[in-house]
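Trainee: I have a new structure to look at and I'm not sure where to begin. Could you walk me through a few features?

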Amino acid sequence: MSKVQIHSLFTDFDINLFKSGKHYRLYEKMGSHVIEVNGVRGTYFAVWAPSAQSVAVMGDFNFWDGEQHQLNVRWDSSGIWEGFIPGVLHGMTYKYKIHSTNHGIVTEKADPYAHNVSHRDQ
């Protein structure tokens, strides 16, 4: 599986709307979106984690390794972490691994913009 590539679906206008609390179509930018970048299909991921030190995507495509696919934080202080992972396609299961700046707390979170969710086996 390829590493995370720098890519964004956000424009400067989107970020201005987001920061002002007036972006009413964030579902088109946040979460996961299967797209094509430079002729390669994969998935773009974006999540808001303003207190994160690092954010990674982990899933069945990388054997749930929470260190392999680190997202990139945007330069504009929006708190959005994003990136494109080639080869990750529709239906693959994933979640985010977030390392907080708050006492080094590490959490694994579902995507708040996910289209589908599954419950863990009991």
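Trainee: Let me start with one residue: does Val-34 count as buried, partly exposed or exposed, and why?

Mentor: Keep in mind that this is a predicted model. The label depends on relative accessible area: under 20% is buried, over 50% is exposed, and partly exposed lies in between. Val-34 has 32% relative accessibility, so Val-34 counts as partly exposed.

Trainee: Which residues make a nonpolar surface patch with Val-34?

Mentor: Leu-89 and Met-92 join Val-34 there, and the patch covers about 200 Å². Val-34 itself belongs to strand S1.

Trainee: What should I know about side chains in a strand?

Mentor: In a regular strand, they alternate between the two faces of the sheet.

Trainee: In what order do the strands of the sheet come?

Mentor: Read across the open sheet and you get S1-S2-S5-S4, 4 strands with antiparallel pairing. S1 (31-37) and S4 (72-73) are the edge strands; each has a single partner strand, so one side of each has no neighbour in the sheet.

Trainee: How many bridges link S1 and S2?

Mentor: There are 7 bridges between S1 and strand S2 (residues 40-48), paired in the antiparallel sense. Val-37 has Val-40 in S2 as its bridge partner. The two strands form a hairpin with 2 residues between them, and Asn-38 in the turn has a positive phi of about 50 degrees.

Trainee: And at the other edge, how many bridges join S4 to S5?

Mentor: Here 2 bridges connect S4 with strand S5 (residues 80-86), again antiparallel. Look for Asn-72, which sits opposite Glu-82 in S5.

Notes
Residues numbered from 1 in each chain as written. Predicted model: local features only at pLDDT ≥ 70, side-chain atom pairs only at ≥ 80, totals over all residues. Heavy atoms only, no water. Pairing = 2+ DSSP bridges. Patch = residues over 30% accessible without salt bridge, like charges linked within 9 Å, V, L, I, M, F, W, Y side chains within 5 Å. Areas by Shrake-Rupley, 256 points an atom, 1.4 Å probe, with all protein chains shown as cover. Salt bridge = Lys/Arg side-chain N within 4 Å of Asp/Glu carboxyl O. Buried < 20%, exposed > 50% of the residue type's maximum accessible area, 1.4 Å probe, protein only.
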